[in-house]
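Hi there,

Here is the structure I said I would pass on. Have a look at it first, and then read my notes below.

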Amino acid sequence: MAVETKLGYIYGKNKLTEEGFEKARHIILGLQEENAKLIEEGYGPFLAAIYDKNGKLIAKMPNTVSKENCCLCHAEVNTIKKASEVLKTYDFAPLDLDIYVTAEPCIMCAGAIMWSGIKRVFYSVNSSDVERITGFDEGFKPNWIEEFSKRNIEVYGEIESNEGIKVLEKYVASGKEIYKPSCER
């Protein structure tokens with residue numbers, strides 16, 4: 001069950017302090033601002049960053065699907081890969097890491113986050129808004145937050161989503177490529 005706060009939604013069993021929400025809000029707003037600039041450079045409309053428990057940035061990467069012609073190059077996957085290179089490990093669980101994303105993870109990215117051992121997920125725009133604005137199919141994710149909770153992964157969502165929605169709308173309005181597989185749903 002989600003609990004609405006002034007800054008977003010808390011899912012699962014743990015509450016975030018006001019200081020924690022302000023930190024998340026600051027990071028998400030910074031990501032949205034940087035994301036808008038990266039879009040101008042030809043990157044996809046999403047950006048993710050991984051931080052350690054002390055607030056140190058470990059890795060930050062944009063979506064590079066169109067730039068690299070590879071459907072796997074979502075921002076979360078790129079960021080997890082970069083963090084693995086920096087930290088020289090595939091298992092982040094002992095490191096107590098957080099991932100911040102400009103939008104709710106799609107099905108692929110949710111799997112990558114879960115298997116990486118990341119402990120907390122903070123996201124901005126929810127999947128239904130991403131799909132409404134871009135037409136991109138976020139995938140079938142029944143009970144994903146509940147499944148994360150079972151694995152002790154906390155989720156905090158819809159943080160500064162209005163800012164993220166503006167970035168996505170600007171991306172679509174610019175006429176930039178919206179990658180979609182050609183299969184029908």
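What follows is a walk through the model, from the overall picture down to single residues.

**The overall picture**

Keep in mind that this is a predicted model. The protein chain has 185 residues, and 47% of them count as buried. Its secondary structure comes to seven helices and seven strands. If you trace the chain from the N terminus, the elements come in the order β-β-α-β-β-α-α-β-α-β-α-α-β-α. Among contacts with a separation of 6 or more, 64% are between residues 24 or more positions apart. The accessible surface is about 9700 Å², and carbon and sulfur atoms hold 52% of that.

**Strand β3 and its partners**

A good place to start is strand β3, residues 47-51, where five of its five residues are buried. In a regular strand, side chains alternate between the two faces of the sheet. In β3, Leu 47, Ala 49 and Tyr 51 point one way, while Ala 48 and Ile 50 point the other way. Residues on both sides are buried.

Which strands does β3 pair with? One is β4 (residues 57-62), which pairs with β3 in the antiparallel sense over five bridges. Here Ala 49 sits opposite Lys 60 of β4. The two strands make a hairpin with five residues between them, and Gly 55 in that turn has a positive phi of about 90°. The other partner is β5, again antiparallel, this time over four bridges. In that pairing, Tyr 51 of β3 has Asp 98 of β5 as its bridge partner.

**On to β5, β6 and α4**

Strand β5 (residues 98-103) also pairs with β6, and those two run parallel, joined by five bridges. Val 101 is matched with Tyr 123 of β6 there. Strand β6 covers residues 120-125, and six of its six residues are buried.

Helix α4 (residues 107-116) has its own set of buried residues: Cys 109, Ala 110, Gly 111, Ile 113 and Ser 116. What covers them? The cover includes α3 (75-87), β5, β6 and α6 (144-150). Just after α4 comes Gly 117, which takes a positive phi of about 90°.

Phe 148 lies in helix α6, and its relative accessible area is 3%. The cut-off for buried is under 20%, so Phe 148 counts as buried. Leaving aside neighbours within four places in sequence, Phe 148 is in contact with Ala 110, Ile 113, Met 114, Val 121, Ile 153 and Val 155. Two of these, Ala 110 and Ile 113, are among the buried residues of α4. Phe 148 and Lys 119 are 29 residues apart in sequence, with their C-alpha atoms 9.2 Å apart.

**Helix α1 and its neighbours**

Now look at helix α1 (residues 18-40) and helix α7 (residues 161-173). Their axes come within 9 Å and cross at roughly 5°, so α1 is roughly parallel to α7. On the α1 side, the contact is made by Leu 29, Gln 32, Asn 35, Ala 36, Ile 39 and Glu 40. On the α7 side, Glu 163, Gly 164, Val 167, Lys 170 and Tyr 171 take part. By class, that contact has five nonpolar, three polar and three charged residues.

Leu 38 is also in α1. Is Leu 38 buried or exposed? Its relative accessible area is 12%, so Leu 38 is buried. Beyond neighbours within four places in sequence, Leu 38 is in contact with Tyr 43, Leu 47 and Pro 62. That ties α1 back to the hairpin, as Leu 47 belongs to β3 and residue 62 falls in β4. Leu 38 and Pro 62 are 24 residues apart along the chain, and their C-alpha atoms are separated by 7.6 Å.

**Two loop residues to look at**

Asn 143 has a positive phi of about 55° although it is not a glycine. You will find Asn 143 in the loop between α5 (127-134) and α6. Glu 158 is another non-glycine residue with a positive phi, near 55°. Glu 158 is in the loop between β7 (154-157) and α7, and at 21% relative accessibility it counts as partly exposed.

That's it from me. Enjoy exploring!

Conventions
Residues numbered from 1 in each chain as written. Predicted model: local features only at pLDDT ≥ 70, side-chain atom pairs only at ≥ 80, totals over all residues. Heavy atoms only, no water. Buried < 20%, exposed > 50% of the residue type's maximum accessible area, 1.4 Å probe, protein only. Contact = heavy atoms within 4.5 Å. Areas by Shrake-Rupley, 256 points an atom, 1.4 Å probe, with all protein chains shown as cover. Axes fitted to C-alpha atoms, helices over the stretch in contact; angles between N-to-C directions. Parallel < 35°, antiparallel > 145°, perpendicular 65-115°, else oblique. Nonpolar A, V, L, I, M, F, W, Y, C, P; charged D, E, K, R; others polar. Pairing = 2+ DSSP bridges.
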